[in-house]
Amino acid sequence: MEFMRILLSILVLIFHGNTGVLSEAGVLVLDYYKEACPLVEEIVRRNVEIAVLRDPRMAASLLRLHFHDCFVMGCDASILLDTFGDMISEKQAGPNLNSVRGFGVIDNIKHLVEEACPYTVSCADILAIVARDAVVLRGGPRWEVWLGRKDSLKASFDGANQFIPAPNSSLETLIANFKQQGLDTGDLVTLSGSHTMGKARCVSFRQRIYEKSTEENFDYYKRYTTFRRILRSICPESGRDDALGALDFKTPTRFDNLYFHNIIEGKGLLQSDNVLVREDLEGEIREQVRAYASDQQLFFASYVNSIVKMGNINVLTGNEGEVRKNCRFVNP
Ligand code: HEM
Ligand SMILES: *[C@@H]1O[C@H](CO)[C@@H](O)[C@H](O)[C@H]1NC(C)=O
């Protein structure tokens, strides 16, 4: 096995940037399950489709699961582990608690995949394929998913609290947060475009709609606009913590570039959305936002690039980790 890893690394060096056979990180491959589980992508696609028909918001929720997985110890399905013994589940961490959803859908898909090809397809790879299919179903771009991730043997509750960015983050914090994951400012702007679909709870945007803009800290999105008034009617200053607001009020269920129109108008739902177009910032970030707002194909092409990059974060491969039988527990 070690020999194969080394051989693979050499091949990566030879083919790097040349062929589409091996990915940037050099460890994941396309067609990883071609022989061992040729039906996996079909099984996933059909079941994501069914889940989204049943619950339209599920497309957004499933995409977010892949993100919250990758930002904590890498894309290793650590988010799917339930609390066991003295290991606390990441599901209990602040950014996930009462917020992330879709675990039942993943369980169902994993169950069907295990029937077709036992102990073969990792939960981490399922999350990556599911995320792609969720985006496609909502009208977003399609990409080939690099595969071969293994599942972690543990979860990191502390990691989930530390590495998943908060909705009231400043731009500097967001940039630093993404940088820790090997993602650059361009990836931050592009991947924030994921907020083109789905919902957030009142607790996630309350600060953004009640905080006042000060003289030193003048923010366009904090002006008392009709938009803020509408959000305040959904989300009172106290109570109704779980009331939902659409992340993209223009086309809440479609994966398109209107998120970027919204934030240019100061109508992003979260503070972390609006800070991307902060008044005092000229230059690259604002240019990028404007470019995506005026060219959806450009946004889509960048999105594919950035999400593939995200899907490569600290992946376990080869003998590392395992292929879990049940995504909620490590194998006995
Ligand atoms: C840039 C930093 C980010 C911050 C601060 C952030 C924060 C949040 C918050 C607070 C929510 C609402 C959670 C709730 O109220 O229950 C949310 C929802 C969502 N986020 Fe992010 N997010 C970020 C980046 C991303 C990325 C990179 C992706 C995908 C690759 C993503 C995908 C989503 C989706 C699809 C939803 C809606 C989920 C649903 O409706 O169930 N976010 N995000
Ligand atoms: C962000 O929200 C958290 C939790 O509500 C709060 O403790 C923290 O002070 C806020 N941070 C900023 C920068 O406003």
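UniProt positions are given in the numbering used here, feature names are shortened, and annotations may be inferred rather than shown by experiment.

**View 1. Residues listed by UniProt as "binding site" in the predicted model.** The unreviewed UniProt entry gives Thr196, Asp248, Thr251 and Asp256 under this heading. These residues span 61 positions in sequence, yet no two of their C-alpha atoms are more than 9.7 Å apart, so they gather at one spot. Thr196 belongs to the loop that connects H8 and E1.

**View 2. Ligand 1 in the largest pocket.** Residues of domain 1 (2-164) and of domain 2 (171-309) both enter the shell around ligand 1, so the ligand lies between the two domains.

**View 3. The shell around ligand 1, by element and by class.** Helix H3 (58-70), helix H7 (171-180), helix H8 (185-192) and strand E1 (199-201) each contribute at least two shell residues. H3 provides the largest share, with four residues. The shell is made up of 13 nonpolar, eight polar and five charged residues.

**View 4. Nearest residues and polar contacts of ligand 1.** Among the 26 residues around the ligand, those that come nearest are Ser61, Ser99, His195, Arg201 and Ser204. The side chain of Ser61 places an N or O atom 2.6 Å from an oxygen atom of ligand 1. Arg57 has a polar side-chain atom 2.7 Å from an oxygen atom of the ligand. For His195, a polar side-chain atom lies 2.9 Å from a nitrogen atom of ligand 1.

Note on methods. Residues numbered from 1 in each chain as written. Chains lettered and ligands numbered in written order. Predicted model: local features only at pLDDT ≥ 70, side-chain atom pairs only at ≥ 80, totals over all residues. Heavy atoms only, no water. Near = heavy atom within 4 Å. Polar contact = N/O pair within 3.5 Å; in protein donor to acceptor, adjacent residues only side chain to side chain. 1 Å grid on protein atoms, 1.4 Å probe; cavity = no way out; pocket = protein on both sides within 12 Å on 5 of 7 lines; lining within 4 Å. Sits in = over half its atoms within 2 Å of the grid points. Nonpolar A, V, L, I, M, F, W, Y, C, P; charged D, E, K, R; others polar. Domains from an automatic or database assignment.
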